[in-house]
Amino acid sequence: YVRFHLISPLIQQSAENIVLFDTFVNILSHNLGEPAYEADVAQLEYKLVAGEYGLIIRVKGFNHKLPLLFQLIIDYLSDFSFTPAVFEMITEQLKKTYYNILIKPETLAKDVRLLILEHGRWSMIDKYQTLMRGLSIEALSAFVTAFKSQLFVEGLVQGNFTS
């Protein structure tokens, strides 16, 4: 089991940055779908999570091939690219996801409660309105470059690994 948390102070600076980060993580997951398929067949699991303060990368499975899967994810992260069609598809999916959160009373109540309790938190309404105003491909590219230049990394490795 390997877990890395790529933390960046950039994410919480604005609602737009949070939406750009969600878009980035979803596009990265989409890009990894085909190349990581063989790892899935070989019973290796991976998950990319858009955490509150950064990207969480989790991989687990047989230890002798786990570094190869992790290296694949890091390669796609470092050489991040996307097409305008994928950008449009992911932003449309995010609009639906955010809207679905807003129409469910229990998730909206949780969001409002956390907004009251946590300093510097952006509400789902802010994120949805930002996304509805529209994002540009250039803004996403600039955000990803800035995100990769301001990272702090925490990691945890458990299992049959040598130091």
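## Working through the sheet

In this predicted model, strand β1 (residues 2–7) lines up antiparallel with strand β3 (residues 54–60), and six bridges join the pair.

**Exercise 1.** Find the β3 bridge partners of H5 and I7.

Solution. Start with H5: its bridge partner in β3 is I56. Then go along β1 to I7, whose partner in β3 is G54. These pairs belong to strands that run in the antiparallel sense.

**Exercise 2.** Work out which strand β1 pairs with besides β3, and what stands opposite F4.

Solution. Look at strand β4 (residues 152–157): β1 pairs with β4 too, again antiparallel and over six bridges. Now pick out F4, and you'll see G155 of β4 standing opposite.

**Exercise 3.** Put the four strands in order and explain why β2 and β4 each have a side without a neighbour in the sheet.

Solution. First, a reminder: strands of a sheet pair through backbone hydrogen bonds, either parallel or antiparallel. Here the pairing is antiparallel, and the open sheet reads β2-β3-β1-β4. β2 (45–50) and β4 sit at the edges with a single partner strand each, so one side of each has no neighbour in the sheet. From one strand to the next, the twist averages 10 degrees.

**Exercise 4.** Say which strands helix α1 lies across, and at what angle it runs to β2.

Solution. Trace α1 through residues 15–32: the helix lies across β2 and β3. Against β2, α1 runs at about 165 degrees.

Note on methods:
Residues are numbered from 1 along each chain as its sequence is written. This is a predicted model: local features need pLDDT of at least 70, side-chain atom pairs count only at pLDDT 80 or more; totals for chains, interfaces and linings use all residues. Side-chain values use heavy atoms; hydrogens and water are left out. Two strands pair if DSSP finds at least two bridges between them. Helices (H or I, at least four residues) and strands (E, at least two) are DSSP runs, numbered from the N terminus. Axes are lines fitted to C-alpha atoms, for helices over the stretch in contact, and angles run from 0 to 180 degrees between N-to-C directions. Contact means heavy atoms within 4.5 Å.
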